[in-house]
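Dear colleague,

Please find below the structure that I am handing over to you. My notes on what was found in it follow directly after.

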Number of protein chains: 2
Amino acid sequence: MVNQDDILNSRHIKPTAMRELVLKVLSEQNTAFSLADLEKKFEKADRATLYRTLKTFEENKLIHSIDDGTGSVKYALCKETCQCKPEDLHVHFLCTKCQHTYCLNDIAIPTISLPVNFKLETINMVVKGISINCI
Amino acid sequence: MVNQDDILNSRHIKPTAMRELVLKVLSEQNTAFSLADLEKKFEKADRATLYRTLKTFEENKLIHSIDDGTGSVKYALCKETCQCKPEDLHVHFLCTKCQHTYCLNDIAIPTISLPVNFKLETINMVVKGISINCI
DNA sequence: AACAACTTTGCAACTCAGTTGCATAAACTT
DNA sequence: AAGTTTATGCAACTGAGTTGCAAAGTTGTT
Ligand SMILES: [Mn+2]
Ligand SMILES: [Mn+2]
Ligand SMILES: [Zn+2]
Ligand SMILES: [Zn+2]
């Protein structure tokens with residue numbers, strides 16, 4: 001079992017106390033986490049620091065961001081091998097009851113054929129509905 | 001050729017001057033339009049009025065909103081027969097160069113098979129890339 | 001150890017999209 | 001015309017995200 005510092009180092013992120021704590025919290029979640037969620041979890045920590053921690057993590061592909069349309073961006077840990085390339089993209093699921101967002105890591109985004117005048121770069125696919133926990 | 005008032009009436013929206021103007025502008029676009037775009041188009045009109053006009057249009061399914069991840073919601077006219085039901089959903093394309101968003105009305109959102117613990121309601125699918133006009 | 005150079009953190013202030021309360025104006029109803 | 005409902009205009013506010021800047025912490029060098 002890998003420790004937090006090794007994970008941070010492997011992504012070339014200097015392991016500070018703050019970053020270790022944030023990574024720990026993120027790795028305990030099974031749904032994506034927003035900046036506001038983090039703030040609640042760390043009453044004492046500063047919003048800007050948490051914000052920059054998330055940015056650093058994202059830049060170094062330790063986490064990926066998810067725009068689920070709720071108005072607050074959420075973040076989830078990337079798989080160890082993830083490079084946030086098109087082939088790493090997956091579908092996300094937003095529960096409209098509890099607003100939690102799940103990574104459906106095993107569900108690749110289906111390929112679609114675009115009109116010739118559009119050149120595809122990336123796709124964001126968010127499925128909305130109800131999670132069984134919320135029925 | 002149908003006139004603006006008939007369109008508004010058919011969606012049970014009282015045709016006011018403001019609404020006629022907004023509908024006219026929206027129907028002239030071939031890409032989706034944001035509130036900010038509308039404001040620029042109508043220097044004189046009030047933001048809140050334009051905002052509420054869009055809300056009214058959306059509630060009555062004259063337009064649909066598109067969350068393309070740019071941070072500002074965009075709107076586009078619905079097809080005459082549209083009821084904004086799942087079968088009316090289509091893929092949207094965001095040009096990452098010019099930030100314009102296109103309705104790909106003919107491209108239905110592919111069905112995906114979810115894990116059993118998730119019940120699908122709706123899907124948002126935004127393809128990002130470059131439109132040929134912007135190369 | 002002392003120093004400089006660089007990085008991270010904390011605080012405050014700000015932007016920008018979206019939204020609301022409330023008073024006035026306009027449009028219907030009787 | 002008088003009363004009722006609906007739409008508009010203005011101002012003020014919210015909440016997410018972002019930035020400038022100074023203080024604190026790290027790292028490397030003498
Ligand atoms: Mn994910
Ligand atoms: Mn559309
Ligand atoms: Zn739920
Ligand atoms: Zn373009």
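C103(B) has a relative accessible area of 22%, so this cysteine counts as partly exposed. The model is a predicted one, and the values in this message are computed from it. Two further cysteines of chain B fall into that class: C134(B) is partly exposed at 21% relative accessibility, and C98(B) is partly exposed at 26%. As for disulfides, the count over all chains is zero.

C98(B) and C134(B) do have a role at a metal site. Together with C95(B), they are the protein donors of the zinc ion (ligand 4), each through its SG atom, at 2.2 to 2.3 Å. The spacing of these donor residues in sequence is C-x2-C-x35-C. C98(B) belongs to the loop between β4 (90–95) and β5 (101–108) of chain B, while C134(B) belongs to the segment after β6 (118–131) of chain B; the pair therefore ties together parts that are 36 residues apart in sequence.

Chain A holds the site of the manganese ion (ligand 1). Its protein donors are the NE2 atoms of H64(A), H90(A) and H92(A) and the SG atom of C103(A), which lie 2.0 to 2.2 Å from the ion. Along the sequence these donor residues follow the spacing H-x25-H-x1-H-x10-C. Are H90(A) and H92(A) buried or exposed? Buried means under 20% relative accessible area. H90(A) has 8%, so it is buried, and H92(A) has 5%, so it is buried as well.

The next topic is the aromatic residues. Over all chains, the count of aromatic pairs comes to six. In one of them, the ring centres of F93(A) and F118(B) are 4.3 Å apart and the planes stand at 40°, so this pair is tilted. F93(A) is part of strand β4 (residues 90–95) of chain A and F118(B) is part of strand β6 of chain B, so the pair joins two chains. F93(A) is buried, with 0% relative accessibility, and F118(B) is buried, with 8%.

F118(B) also forms an aromatic pair with Y102(A); this pair is edge-to-face, with 5.0 Å from centre to centre and 65° between the planes. Because Y102(A) lies in strand β5 (residues 101–108) of chain A and F118(B) in strand β6 of chain B, this pair too joins two chains. Y102(A) and F118(B) are both buried. Through ring pairs, F93(A), Y102(A) and F118(B) are linked into a cluster.

Finally, I turn to the DNA. Which residues are closest to DNA strand C? Of the 17 residues that surround the strand, the closest are T16(A), R19(A) and R52(A) from chain A, with Y51(B) and V73(B) from chain B. By class, this surface has eight charged, five nonpolar and four polar residues. Of the strand's atoms within 4 Å of the protein, 62% belong to sugar or phosphate, and the rest belong to bases.

Individual contacts involve both phosphate and base. An N or O atom in the side chain of Y51(B) is 2.6 Å from a phosphate oxygen of DNA strand C, and a backbone N or O atom of V73(B) is 2.7 Å from a phosphate oxygen of the strand. In the side chain of R52(B), an N or O atom is 3.3 Å from a base oxygen. The elements that give two or more residues to this surface are α2 (17–28) and α4 (47–59) of chain A and α4 (47–59) of chain B. With five residues, α4(B) gives the most.

With kind regards

Note on methods:
Residues numbered from 1 in each chain as written. Chains lettered and ligands numbered in written order. Predicted model: local features only at pLDDT ≥ 70, side-chain atom pairs only at ≥ 80, totals over all residues. Heavy atoms only, no water. Near = heavy atom within 4 Å. Polar contact = N/O pair within 3.5 Å; in protein donor to acceptor, adjacent residues only side chain to side chain. Helix = DSSP H or I, 4+ residues; strand = E, 2+ residues; numbered from the N terminus. Nonpolar A, V, L, I, M, F, W, Y, C, P; charged D, E, K, R; others polar. Donors = N, O, S within 2.8 Å, 3.2 Å for Na, K, Ca; no water. Buried < 20%, exposed > 50% of the residue type's maximum accessible area, 1.4 Å probe, protein only. Disulfide = S-S within 2.5 Å. Phe/Tyr/Trp six-rings, centres within 6.5 Å; stacked < 30°, edge-to-face > 60°.
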